[in-house]
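User: Please examine the structure shown below and answer a series of questions on its fold and packing.

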Amino acid sequence: MHDKEKILKAFINNFILQNSQERSFVELSNAKKRGKFTNRLNHKWDSILKMQHLTKIDKTTDNQEDIQKKLKIKDDELVYIISNYDEVDDRIISFKDVFPVIYSRGLGTILINTNGDKIFLDTEQDQGPADRFIGEIKVAKN
């Protein structure tokens, strides 16, 4: 079983700006405050995420197969979900089972691999297709 807190801490350390890390952890760890964080996924995601670690997905390669290739993630690989969709938020589900549920629905969602070093961000759809990003932390190898 994967530890949600461990995944969250790694995600926050890797992808959340330093000045937002503590608040983000408190919000994501508390069911009553979680909506504050997920709401920022809709409107202010670029003000809390370390954008230097994110790559915007080109609209011409914006599909499940290409996104999986770029993330180097398998269908049955588990991901932790931070989402405006209650049916999947705060759960650990296989990529293949959650991606079709959240993809292109219009509200902010982040899929995080269990190491917390790869993410898929689907932002809120405003006009036209939503912006989507892949994030990866490159670990230096000795």
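Analyst: Helices (H or I, at least four residues) and strands (E, at least two) are DSSP runs, numbered from the N terminus. This is a predicted model, in which local features need pLDDT of at least 70 and side-chain atom pairs count only at pLDDT 80 or more, while totals for chains, interfaces and linings use all residues. Residues are numbered from 1 along each chain as its sequence is written, and side-chain values use heavy atoms, with hydrogens and water left out.

User: Which residue just after α6 takes a positive phi, and of about what value?

Analyst: Helix α6 spans residues 95-102. Just after this helix, a positive phi of about 65° is taken by S104.

User: What is the order of the strands in the open sheet, and which strands stand at its edges?

Analyst: Two strands pair if DSSP finds at least two bridges between them. The six strands form an open sheet with antiparallel pairing, in the order β1-β6-β5-β4-β2-β3. Each edge strand has a single partner, so one side of each is left without a neighbour in the sheet; these strands are β1 (54-56) and β3.

User: How many bridges join β4 to β5, and which residue in the turn of their hairpin has a positive phi?

Analyst: β4 and β5 run antiparallel and are joined by four bridges; one bridge partnership is that of T109 with D122 in β5. Four residues lie between the two strands of this hairpin, and the turn residue with a positive phi, of about 75°, is G116.

User: Which residue in β4 is the bridge partner of Y80?

Analyst: β2 and β4 pair in the antiparallel sense over five bridges. The bridge partner of Y80 in β4 is I112.

User: Are the faces of β4 covered or uncovered?

Analyst: A residue is buried under 20% relative accessible area, exposed over 50% and partly exposed in between (1.4 Å probe, protein chains only). In a regular strand the side chains alternate between the two faces of the sheet. In β4, T109, L111 and N113 are buried on one side and I110 and I112 on the other, so both faces are covered.

User: At about what angle to β2 does α1 run?

Analyst: Contact means heavy atoms within 4.5 Å. Axes are lines fitted to C-alpha atoms, for helices over the stretch in contact, and angles run from 0 to 180 degrees between N-to-C directions. Helix α1 lies across β1, β2, β3, β4, β5 and β6, and its angle to β2 is about 70°.

User: Which element gives the most residues to the largest nonpolar core?

Analyst: A nonpolar core is a set of buried Ala, Val, Leu, Ile, Met, Phe, Trp, Tyr and Cys residues joined through side-chain atoms within 4.5 Å. The largest core has 21 residues, and F11, F37, L49, I82, I110, I112 and L121 touch the most other members. Two or more residues each come from α1 (4-15), α3 (34-43), α4 (45-48), β2, β4 and β5. The most, five residues, come from α1.

User: Why are the buried residues of α6 on the same side of the helix?

Analyst: The buried residues of α6 are F95, V98, F99 and I102. The arc is taken from the directions from the helix axis to the C-beta atoms. They lie on the same side of α6 because they cover an arc of only 105°.

User: Which elements do these buried residues of α6 pack against?

Analyst: One partner is a helix and the others are strands. The buried residues of α6 pack against α5 (64-71), β2 (78-83), β3 (92-94), β4 (109-113) and β5 (118-122).

User: What kind of aromatic pair do W45 and F133 form?

Analyst: Rings of Phe, Tyr and Trp (its six-membered ring) pair if their centres lie within 6.5 Å; planes under 30 degrees apart count as stacked, over 60 as edge-to-face and the rest as tilted. Five aromatic pairs are found in the whole structure. W45 is buried at a relative accessible area of 13%, and F133 is buried at 7%. Their ring centres are 5.1 Å apart and their planes are at 50°, so the pair is tilted.

User: Which residues form one aromatic cluster with F99 and F120?

Analyst: F99 and F120 are both buried. Their rings form a tilted pair, 5.3 Å centre to centre with 50° between the planes. The residues that join F99 and F120 in one aromatic cluster are F95 and Y103.

User: Is R23 buried, partly exposed or exposed?

Analyst: R23 lies in helix α2 (residues 21-29) and touches R40 and I48, not counting residues up to four places away in sequence. Its relative accessibility is 43%, so R23 counts as partly exposed.
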